[in-house]
Amino acid sequence: MPNFMDRMKNNQVQLDDNITLNDWLPGKSDEELRDAFISMDQTMKYIHDHGYFIQSFDPNEIEFLHHSIHQVKYHSLSPLPDNFEYQREIVRENIYTSSFLQIGIYTNCLPYMKSGFLKENFDSFATFLPEGDIPYYRGIIQRGASVYFHDYVREKQRRDLEAMEKEFGSEASAFQGGKHLVKSNGTSILGEDDTNKRYNDAIYSQLNKMSDAAYISFLVIPCLVAILGLVFTFIVWASSLG
């Protein structure tokens, strides 16, 4: 089956060739869900890094463009506040809500879940989660941690690889092939490829423009005003000498 790039070259991609998260979910395995959640988390961090946050995690307001989990479109965004403490709190809330969404999808209980109930009964929900990710979700839900899921996954993979190298010594190093650790699909085991970022640059290009405009408004323009003020002062001073 041709991939997205092949279809694009052949002009077969339709403008409406997208699917909501809600419509994408049926029949997906835990592994497919996890890959999608990692990609969604990377996109969320990209949005935060560009001065915005996600207002709604409604599965009907999240789309995979061209049916690709690497092209995530959140439809409800707002600018982060200027106050750094507020920013941190909103980012923390986004990370929590994203984890809440993921747990709800894994357990098929999203419409019925309540925040307090999930926190108090986390162990009952944990049996439906990927075993290696339970510590992450516990930290977010019960301890209020503020860590991106894809950062957790990458760090866990790094530690697992280090443990394997210690266990098997030189044989593990030979097996790993040096630093070029890749999956069968060509992406880095440690998530170092920039596919997600390149798609986000295209999908959220407007955020980049707004960030540039904000930079001009909050930094460049005040500098220009200050320079013009100095020029005006110099002209007045020169005139007084004449």
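How many helices and strands does the secondary structure of the chain come to? Count 11 helices and 5 strands. Keep in mind that this is a predicted model.

**Stop 1: the whole chain**

Show everything first. The chain has 242 residues, and 36% of them are buried. Switch on a surface. About 15,100 Å² is accessible, and carbon and sulfur atoms hold 56% of that area. Now think about contacts with a sequence separation of 6 or more. Of these, 61% join residues that are 24 or more positions apart.

**Stop 2: H3 against H4**

Select helix H3, residues 30–49, and helix H4, residues 84–107. Two packed helices are described by the angle between their axes and the distance between the axes. For H3 and H4 the angle is about 165°, and the axes lie 11 Å apart. Angles over 145 degrees count as roughly antiparallel, so H3 is roughly antiparallel to H4. The crossing of H3 over H4 is right-handed.

Draw side chains next. From H3, pick Asp30, Leu33, Arg34, Phe37, Met40, Met44 and His48. Their partners in H4 are Val91, Asn94, Ile95, Ser98, Leu101, Gln102, Ile105 and Tyr106. Colour by class: the contact of H3 with H4 has 9 nonpolar, 4 polar and 2 charged residues. An α-helix has 3.6 residues a turn, so residues three or four places apart point the same way. Look along the helix with that in mind.

**Stop 3: H3 against H10**

Keep H3 and add helix H10, residues 195–203. Here the packing angle is about 55°, with the axes 10 Å apart. H3 and H10 are therefore oblique to each other. H3 passes H10 in a right-handed crossing.

Which residues make the contact of H3 and H10? On the H3 side, select Ser39, Gln42, Thr43 and Tyr46. On the H10 side, select Asn196, Lys197, Asn200 and Asp201. By class, the contact of H3 with H10 has 1 nonpolar, 5 polar and 2 charged residues.

**Stop 4: the loop between E3 and E4**

Move to strand E3, residues 62–65, and strand E4, residues 72–74. Three residues in the loop between them deserve a click.

Start with His66, which sits in this loop. Its phi is positive, about 55°, although His66 is not a glycine. Most residues other than glycine have a negative phi, and most peptide bonds are trans. Is His66 buried or exposed? His66 is buried, at a relative accessible area of 18%. The cut-off for buried is under 20%.

Click His67, also in the loop between E3 and E4. His67 has a positive phi too, about 60°, and is not a glycine. His67 is partly exposed, with a relative accessible area of 42%.

Then take Ile69, in the loop between E3 and E4. Ile69 counts as buried, at 16% relative accessibility. Leave out residues up to four places away in sequence, and Ile69 touches Trp24, Asp35, Ala36, Ser39 and Phe64. Add a distance label from Ile69 to Phe37. These two are 32 residues apart along the chain, yet their C-alpha atoms are separated by 8.6 Å. Phe37 was among the H3 residues that meet H4.

**Stop 5: Gln55**

Select Gln55, in the loop between strand E2 (52–54) and E3. Beyond its neighbours within four places in sequence, Gln55 is in contact with Ser76, Leu77 and Ser78. Label the C-alpha distance from Gln55 to Pro79: it is 9.7 Å, across 24 residues of sequence.

**Stop 6: H7 and Phe122**

Select helix H7, residues 134–143. Its buried residues are Ile134, Tyr136, Tyr137, Gly139, Ile140 and Ile141. What do the buried residues of H7 pack against? Show H3 and H4 again, then helix H5 (115–120), helix H6 (122–126) and helix H8 (149–168). After H7 comes Gly144, whose phi is positive, near 70°.

Finish on Phe122, in helix H6. Phe122 is buried, with a relative accessible area of 0%. Not counting residues up to four places away in sequence, Phe122 touches Ile103, Leu129, Ile134, Tyr137, Arg138, Ile141 and Gln142. One last label: Phe122 and Ile141 are 19 residues apart in sequence, and their C-alpha atoms are 7.9 Å apart in space.

Methods:
Residues numbered from 1 in each chain as written. Predicted model: local features only at pLDDT ≥ 70, side-chain atom pairs only at ≥ 80, totals over all residues. Heavy atoms only, no water. Buried < 20%, exposed > 50% of the residue type's maximum accessible area, 1.4 Å probe, protein only. Helix = DSSP H or I, 4+ residues; strand = E, 2+ residues; numbered from the N terminus. Contact = heavy atoms within 4.5 Å. Axes fitted to C-alpha atoms, helices over the stretch in contact; angles between N-to-C directions. Parallel < 35°, antiparallel > 145°, perpendicular 65-115°, else oblique. Left-handed = near helix turned anticlockwise from the far one by under 90°. Nonpolar A, V, L, I, M, F, W, Y, C, P; charged D, E, K, R; others polar. Areas by Shrake-Rupley, 256 points an atom, 1.4 Å probe, with all protein chains shown as cover.
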